[in-house]
Amino acid sequence: MPGWPWGLLLTAGTLFAALSPGPPAPADPCHDEGGAPRGCVPGLVNAALGREVLASSTCGRPATRACDASDPRRAHPPALLTSAGGTASPLCWRSESLPRAPLNVTLTVPLGKAFELVFVSLRFCSAPPASVALLKSQDHGRSWAPLGFFSSHCDLDYGRLPAPADGPAGPGPEALCFPAPLAQPDGSGLLAFSMQDSSPPGLDLDSSPVLQDWVTATDVRVVLTRPSTAGDPRDMEAVVPYSYAATDLQVGGRCKCNGHASRCLLDTQGHLICDCRHGTEGPDCGRCKPFYCDRPWQRATARESHACLACSCNGHARRCRFNMELYRLSGRRSGGVCLNCRHNTAGRHCHYCREGFYRDPGRALSDRRACRACDCHPVGAAGKTCNQTTGQCPCKDGVTGLTCNRCAPGFQQSRSPVAPCRPLSLDPLRTAALCSPRVSGHRTGPQTGMTLGEGALGGEGGERESVPASHLLPRL
């Protein structure tokens with residue numbers, strides 16, 4: 001920061017140098033060579049260039065000898081303040097001839113969207129006024145706050161002490177009162193203001209929300225309040241009638257994108273918006289996109305991109321929400337909760353199968369068919385819901401198998417749908433009949449391991465045998 005607020009006085013040459021393009025930018029300034037996100041900012045521009053200027057007073061209506069709004073050669077409209085011609089234009093905006101005090105005239109420039117200001121300058125076509133107030137709005141002109149005052153008599157005009165020669169030393173930016181705009185050798189004048197002039201040294205924009213708020217503006221207003229006088233500044237009668245004349249109003253700044261865009265574009269409605277990256281959206285990249293809420297939005301800095309992260313839903317959800325408590329419990333790594341999981345999945349990350357389905361180990365978790373429906377036997381199973389990991393159905397007593405479709409060893413099929421498999425009978429005649437040799441020559445033994453409703457299996461790993469139709473339990 002310069003030792004005196006006017007040490008950063010900007011001449012026309014330095015203004016053009018500041019706004020001139022630098023070396024070629026990388027292909028994607030918001031990502032490094034490896035594709036990782038990094039903080040990025042739009043280039044410095046003259047945000048007032050070509051913008052409409054709202055002047056409270058302009059000469060030419062009615063026409064006078066010096067000014068006629070209906071004659072382009074003699075008109076002095078406010079558009080001359082921000083035209084591309086700049087200082088090369090031979091014409092200047094000129095106010096009406098003010099016959100009496102107060103001699104106040106305002107020039108208002110809507111910037112179209114929020115900008116982070118760097119400087120404001122205005123070149124006068126005659127002797128500069130002795131008192132000027134510079135204001136800003138952050139809500140498109142609904143309210144205004146001072147940026148700085150410029151006066152030869154700060155206490156008289158604004159009730160403030162002049163700014164200290166070594167600059168502010170307080171905790172944050174404030175609107176100070178600086179010396180009046182300087183007169184140039186040719187009789188003109190220049191108002192030049194840097195946003196750093198009202199900020200203590202060492203304040204970092206990335207880490208200071210106060211400074212971020214200070215430099216943000218959607219509109220800039222210049223209030224001309226008192227012309228130069230040779231005698232008592234309170235004697236306005238000595239200078240009336242009086243008119244102001246100025247040209248080349250510049251508002252140097254960067255499109256406010258919170259470190260998540262390197263340029264601004266016009267949308268389909270002609271509004272200026274940031275070309276957002278890092279999973280952000282909005283006119284200023286001020287929020288995360290709908291699915292990118294695994295961690296809270298933050299402004300990017302030169303050290304950390306703070307990119308919004310997509311929720312981890314394994315391809316089974318299109319919407320998610322942020323949960324701060326989960327984010328804290330995870331060590332501030334992840335707070336996204338997937339909504340409306342599809343493909344029969346469930347859970348915060350759609351990472352397990354919903355009730356009535358189980359995970360197919362042969363498919364990836366992101367596969368649309370990763371969850372298979374439980375196929376629990378309607379007679380042998382104690383319920384329709386299987387283990388969501390293994391697919392094992394809950395079997396009734398004496399029933400076994402992944403889907404509860406056969407009798408366990410030591411059990412035989414019964415005719416009861418309540419207890420489809422019962423222990424082997426202890427009746428000697430019954431046991432003898434069950435264990436008698438078979439004509440087919442197959443091994444003997446009790447009818448165990450029967451597939452319910454389909455036949456019987458000769459125990460675990462045995463050969464398929466036929467059973468009487470009266471022993472079959474049909475599927476429901």
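1. Start with the lining of the largest pocket in this predicted model: its residues split into 20 nonpolar, eight polar and five charged. The pocket itself holds about 640 Å³ of space. Its lining is made up of 33 residues, and those closest to the centre are Leu117, Gln196, Leu205, Leu211 and Val215.

2. Where does the lining of the largest pocket come from? Strand 4 (105-124), helix 3 (209-215) and strand 11 (245-255) each put in at least two residues. Strand 4 has the largest share, with four residues.

3. While you're looking at strand 11, click on Leu249, which is found there. Is Leu249 buried or exposed? Leu249 has a relative accessible area of 1%, and the cut-off for buried is under 20%, so Leu249 counts as buried. Leaving out residues up to four places away in sequence, Leu249 touches Asn46, Ala48, Leu81, Thr82, Val109, Val120, Ser121, Leu122 and Val222. One of these, Leu81, is worth a second look: 168 residues separate Leu81 and Leu249 along the chain, yet their C-alpha atoms are 5.3 Å apart.

4. Now the aromatics. Searching the whole structure turns up six aromatic pairs. Take Phe150 and Phe193: the ring centres are 5.9 Å apart and the planes sit at 85 degrees, so this pair is edge-to-face. Phe150 belongs to strand 6 (residues 145-151) and Phe193 to strand 9 (residues 189-194), so the pair ties together parts that are 43 residues apart in sequence. Phe150 and Phe193 are both buried.

5. Phe193 has another partner, Phe178. Why does the pair of Phe178 and Phe193 count as tilted? The planes of the two rings are at 50 degrees, and tilted pairs are those that are neither under 30 degrees (stacked) nor over 60 (edge-to-face), so this one lands in the tilted class. Their ring centres are 6.0 Å apart. This pair also links distant parts of the chain, with Phe178 in strand 7 (residues 176-178) and Phe193 in strand 9, 15 residues apart. Phe178 is buried, as is Phe193.

6. Put those two pairs together and you get one aromatic cluster, formed by Phe150, Phe178 and Phe193. Phe193 is the residue to centre your view on here, since it pairs with Phe150 and with Phe178.

7. One last ring to check is Trp144. Which residue lies over the face of Trp144? That is Arg221, at 4.1 Å from the ring centre.

Note on methods. Residues numbered from 1 in each chain as written. Predicted model: local features only at pLDDT ≥ 70, side-chain atom pairs only at ≥ 80, totals over all residues. Heavy atoms only, no water. 1 Å grid on protein atoms, 1.4 Å probe; cavity = no way out; pocket = protein on both sides within 12 Å on 5 of 7 lines; lining within 4 Å. Points joined across faces, edges and corners; volume = space filled by probe spheres on them. Nonpolar A, V, L, I, M, F, W, Y, C, P; charged D, E, K, R; others polar. Buried < 20%, exposed > 50% of the residue type's maximum accessible area, 1.4 Å probe, protein only. Contact = heavy atoms within 4.5 Å. Phe/Tyr/Trp six-rings, centres within 6.5 Å; stacked < 30°, edge-to-face > 60°. Lys NZ or Arg CZ within 6 Å of the ring centre and 35° of its normal.
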